[in-house]
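Student: Hey, could you walk me through this one? I'd like to go bit by bit and ask things as they come up.

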Amino acid sequence: MGTAPASGTRPRESDLSGGLDSRDTWGVLLTITTTRAPATDLGYLLFKHPGKVQSWPVASGQAHVFYPQATEDRCTAALLLEVDPVALVRGKGSPGQHGAGRHNSDGQQRGNEPPGITHYVNDRPYAASSLLAVALKEVFGTALTGRCDARPELAASPIPLEIRVPALRCAGDTDLATSLFAPLGWAVTASPVPMDPPQWGTSRYVDLRLSGTMRLADALNHMYVLLPVLDDAKHYWVTSDEIDKLVRAGAGWLATHPEKALITRRYLAHRRELTVPALARLAEADDLEPEELDNAVPDEGDGDAEPKPVPLAILRREAVLALLRESGARSVGDLGCGDGALTRHLIADKDIDRVVAADVSARALAIAARRLRLERLPEAKRASISLIQSALTYRDERLTSLDAAVLMEVIEHVDDERLPALERAVFGFAAPASVIVTTPNAEHNAVYGMAPGTLRHPDHRWEWTRAQFRRWARRVAVTYGYVVRFEPVGPEAPEAGPPTQLAVFTRTEAAA
Amino acid sequence: MTTSELAIPELSLVVLVGVSGSGKSTFARAHFKATEVISSDFCRGLVSDDENDQAATADAFDVLHYIAGKRLAAGRLTVVDATNVQAHARQPLVALARAHDALPVAIVLDLPHDVCVRRNADRPDRDFGPQVIRRQHADLRRSIKGLQREGFRAVHVLRTEEQVALASIRRTKMFSDLRHVSGPFDVIGDVHGCRAELETLLGGLGYALDRDANGLAINARHPAGRRVIFLGDLVDRGPDTPGVLRLAMGMVAAGTALAVVGNHEAKLLRSLRAGLSGRPEGNSPPSGKQSHNVRVSHGLAESLEQIGSQPVAFRQEVEGFLDSLVSHYVLDEGRLVVAHAGLAERLHGRASGRVREFCLYGQTTGETDEFGLPVRYPWAEDYRGRAMVLYGHTPTLAAEWVNNTMCLDTGCVFGGALSALQYPERNVVSVPAARVYYEPAKPLAAPSAGPPGHPARREPDVLDIKDVTGSRVIETSYLSRVSIRPENAAAALEVMSRFAIDPRWLVYLPPTMSPVATASSGLLLEEPDAAFSAFRDMGVGEVVCEEKHMGSRAVLLVCESPQAARARFGVTGPGAAWTRTGRPFFTAVLGAALLERVRAACADAGLFAELETSWLLLDAEIMPWSAKAGRLLRDQYAAVGAAAHAALPAAVSVLEAAAARGLDVSALLARTSARLRNADGFTAAYQRYCWPVAGLDGVRVAPFQVLASEGCSHAQRPHAWHLDRASRLAAGDPALFTATRRVYADTADASSCAAAADWWSALTAAGGEGMVVKPAAGLVRGPKGIAQPGLKVRGPEYLRIIYGPDYTVDANLARLRSRSVGRKRSLALREYALGLEALDRLARAEPLWRVHECAFAVLALESEPVDPRL
């Protein structure tokens, strides 16, 4: 992406008047040391004189390069990035520098988002992240290419190097720093930084120290790619030229890296095209992280305890489709359709001529709409599909007069106090001729090696044993005039039963 | 008909019938508002730019029918100005009127042929030949006799120019329209011949009975002028149908009662007219009479027998009375609707066969149950109208509110009770039946009971997705219209349905609060003086400055007992504690423990007794902040603190090393060192609001308002009243409750403002978050509308948590000053109005959807894009 992320934003007057002032910024630090005599040749390699203090405006603030140490034996260059936190929140890389936003993988929110996603209280001004990677490229651009006219042989030679990043966010796992840098020949020390207060444990930051002997350009490229990978920030904006950058910077080392897949995925990751600012604001109103509410569609890496690759999801879907076929249903509701995994197959089924796919999550619906490619379907087909926002605890006329409704892995996402409302809305009001419900069998969790009491998904409110599920289903059936039968889904374990349990409800008058 | 006064019911579709040139448009102009008249010529012009383009006729009538339909749906009299001389042109208009339950009325201008021809000739835009007029005339003549048969409820024919000139229109009220009659009423459910219980009930309601020489009750009068409304089914099944009729007829005649028709009255009337006597079921009706197909069942036999033994005059009187009964009444400015079997909102005040059907029999699904009785459609669950609807017809165990409707048939004749609702007081008064007079076809059940064989259980009140989604406008008594945008409703739906507690508990969400306007200079962003001057501008004199507790906002609904909870909210439990977005504040176990402590404290402080309530709704802050915002604190605040304290000391030390080498990094070093101190201030700020808790140990509750109790919203009371009650709680259970420190100030008195500002300075210097300044009186309506309910003034150290560790740096402060509180103020006011409205609706015991609508709307507004730092 070659244009500024802020180009679509209406500038705020205040920002225009304010401009960037390096006095209101904070510091992110990276130091590079060599002990190869004469160590001060580091200045040639970096194109920065050891006797000077130099500063440049960069997208996120101001970058400074200076040498805290410069002797024949040991020379250290420090890159101190002062990030402007106010400008960061207001959605601009750098007020007054609208042309400077050439780097989009800079951890910034997207330009058209209203303020509110990024807190003023933000680790970006302290922690090494994509902002530092971008600054690195701006300040040491030539060094990154490996060119050095003054000392070409030095640039081409491996030299002893030490790199320190005192605050580096390691998303997920502090050992990750080791698994990313060690294969490249670095000796890695990643000391976890304690929380503040320390009794809250360790934070997700490490004080990273690397030492190794390699070309300086390689070392810089490692940092350029791996800093953002470790940081793994949300609101990452990636476009096709990011892929080119990765290919260039990773030349010679990425292809053989054992964590290549993770590096590539994370570097190009978090393409949250569908931000849900409204929902995020509600999270903010309640002192929550946005993900705590906006979790209807799992992010990659979210803990789904079912083993992967999962034939179970397919088995479940096939079981549901077979039962629908058996029921002869021509109009089917996919209630709690999520990203449309089942909906796709309902649409493809020739025997089904009306599909109502409903979910309460706006994000899930947007993803489903994209995946189902609704706009590319022939008009007649398109007209037979409704993708609607609905909540199963409210009754909804649009869900009435269906032959069948499927609640596939839905009820366990509803608090048990709210289930009666769902029962009434689905079985009492929508009242399709048949209803198919699937839910995890908690007894089977032991087969997965899960500790007792743990749930398969963070948003599951409960998971039932077969007896619990059957008790519930029978009560619902009697209350609303259905008969119910049960079927196992997936390989049955001797004691624990199948991984998924399924109930087919048939309305009694429809059965007669 | 040649009268000069044409009676037209207020809700009619008036169809003008007359040949071209008969003067329909002139007549319409003279007697109706221009907007009431839709002419086919005009519609032709709309679709074709030529009023005489006959090719556009079909499209023009589509438009005409569409507009007329919209008007009738809105309950507006509508006049169709077209020739309408042919039956096939009139038929869709009759159908249209019926579809909207309005009355079709025809006004025929049957003027002499030559008059019409002359008038047409005078109009240059008309080129109709006399033969066209002649043909139309022929059609008209053929039509006139059959108009009534076509379905017109009134037909007025004007035959001469003189008659037309003398004619005037008199708009008549609909039979059901008693909006000008406002009560108070005692509305009595199905009596079914239970005279003794009726007399007892009337006595209990304070009526004195008048008796005739034989000691029979013939009237009842209330000393305060109250009136009875009988909801129909006075007759059949019970022991003394004539006695009940005698009393009811006497009361209606004396003006002490109103009555609507029930299905049993309708059937009795048909039987009486058919000349049936009280012979056992199965006897064929006497020959020679037109068959009315009346099957003598459902207790009709008893009535016929009982009436048969009465004098003929009484029998005739009964026939006249039954014939006079109307299907339903709309009373008290439209606030009350009575009908035997209830009435859906769109049919209120309307007139059609369908309206009568509904009033007599209710809505059925067309199915029958295992007892052979028609399955009733639960129309009341769908009901979303503002008018209270009272009805009977379906015997139930107890009278219960369902969406502002109540069925008052508590099955007296089946051994249940005879019930009345006192309106507007909304008290139910019942008299138990002396015995079972008639065996019910199926056992009585609660109105919302489960199927037979299962214990009666109250279903969750049904909320419909249409109650909350889409583009909505909510009328409040405080701001006339609060609009909700669809995208905000969508976000709220997601949170409400996935995370929020049961909507029956969730009666209220607290409004957001604006900070004071930003200080334009100095070292602070927020200063007390800004609050005092803002309230002065809003017309508020005395304000209370309340210490702002830094925890998490909580609303607590505390019930005296699980039974009380069930009776009032339909949920069994101790109540609920929820957050600003309606999520449960604690886990179920901890929440229950908290509510029990709060309940005990409220009981000890005498709050339940004082407010004569079995539940209380409290607005509070629960501390510590870390108790609920733990994850946010760890991931956001503590993490930033950790990163800052890892990065900045390292930066300081490399800068010091560089300085030692003689490099000029002094400015950078000074900045970085200052930043480290700010980071220290930042971590100190959030750690002040964090402390470990174990269960409820360490949890502190600071209540600041008693929002509501049974029948009463307290949100508009002075804050001193609230704080006094909060102090009583704190005195009773000091381990749990924290009192709120406060001072009062007069915005017109500089010295009292200065003292309050000093108080704030001391408070924040000691680590307090800040204060909230509120109008001491509670709700204040100033010259520019209602005043802000409160403005917060936050302390400088606390604001590091909001604006970041380094916000105090001059250049940052300068930029932050540009923040604008306008949108936040508007949002705060809208949410405040919705909150007050929710409490009012709760106090009036309005239906769940009406209360939920407001709470939902607050949540929706919270998702509007407003700077969350404010």
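Tutor: Sure, we'll take the domains and the chain contact, then some helices, a sheet and a few backbone details. Keep in mind that this is a predicted model.

Student: OK, domains then. Which domains does chain B get in the domain assignment?

Tutor: The assignment lists domain 1 (5-172), domain 2 (177-432) and domain 3 (627-687) of chain B. If you take the C-alpha centres of domain 2 of chain B and domain 3 of chain B, they are 81 Å apart.

Student: And the two chains touch, right? How many residues does the contact take from chain A and from chain B?

Tutor: Chain A puts in 72 residues and chain B puts in 75 residues. On the chain A side, the biggest giver is helix 11 (residues 277-285) of chain A, with seven residues. Sorted by class, the side of chain A that touches chain B holds 39 nonpolar, 15 polar and 18 charged residues.

Student: Cool. Switching to helices: how do you even describe two that pack together?

Tutor: You give the angle between their axes and the distance between the axes. Take helix 3 (residues 57-73) of chain B and helix 4 (residues 87-99) of chain B: the angle is about 25° and the axes are 10 Å apart.

Student: So what do we call that pair, roughly parallel or roughly antiparallel?

Tutor: Angles under 35 degrees count as roughly parallel, so helix 3 of chain B and helix 4 of chain B are roughly parallel to each other. Their crossing is right-handed.

Student: Which residues meet there?

Tutor: From helix 3 of chain B you have B:His65, B:Ala68, B:Gly69 and B:Leu72, and they meet B:Pro92, B:Leu96 and B:Ala97 of helix 4 of chain B. That contact has five nonpolar, two polar and no charged residues.

Student: Got another pair for me?

Tutor: Try helix 11 (residues 263-273) of chain B and helix 12 (residues 300-308) of chain B, whose axes come within 11 Å and cross at roughly 50°. That angle makes helix 11 of chain B oblique to helix 12 of chain B. The contact is made by B:Lys267, B:Leu268 and B:Ser271 from helix 11 of chain B, with B:Leu300, B:Ser303 and B:Leu304 from helix 12 of chain B. By class, that is three nonpolar, two polar and one charged.

Student: Now sheets. What's the strand order in the open sheet of five strands?

Tutor: In chain B the order is 28-27-29-30-31, with antiparallel pairing. Strand 28 (575-578) and strand 31 (712-713) of chain B are at the edges with a single partner strand each, so one side of each has no neighbour in the sheet.

Student: Does anything pack on that sheet? I mean, which helix is it?

Tutor: Helix 19 (residues 588-604) of chain B does, touching strand 27, strand 28, strand 29 and strand 30 (700-709) of chain B. Within the sheet, eight bridges join strand 27 (residues 552-559) of chain B to strand 29 (residues 615-623) of chain B. B:Cys559 sits opposite B:Trp615 in strand 29 of chain B.

Student: Last topic: where are the backbone oddities?

Tutor: Most residues other than glycine have a negative phi, and most peptide bonds are trans. Here, a cis peptide bond joins A:Ala37 and A:Pro38, with omega about -10°. Another cis bond runs from B:Met623 to B:Pro624, with omega near 0°.

Student: And phi? Which residue other than glycine has a positive value?

Tutor: B:Asn84 has a phi near 50°, and B:Asn84 lies in the loop between strand 4 (78-81) and helix 4 of chain B.

Note on methods. Residues numbered from 1 in each chain as written. Chains lettered and ligands numbered in written order. Predicted model: local features only at pLDDT ≥ 70, side-chain atom pairs only at ≥ 80, totals over all residues. Domains from an automatic or database assignment. Contact = placed C-beta atoms within 7 Å. Helix = DSSP H or I, 4+ residues; strand = E, 2+ residues; numbered from the N terminus. Nonpolar A, V, L, I, M, F, W, Y, C, P; charged D, E, K, R; others polar. Axes fitted to C-alpha atoms, helices over the stretch in contact; angles between N-to-C directions. Parallel < 35°, antiparallel > 145°, perpendicular 65-115°, else oblique. Left-handed = near helix turned anticlockwise from the far one by under 90°. Pairing = 2+ DSSP bridges.
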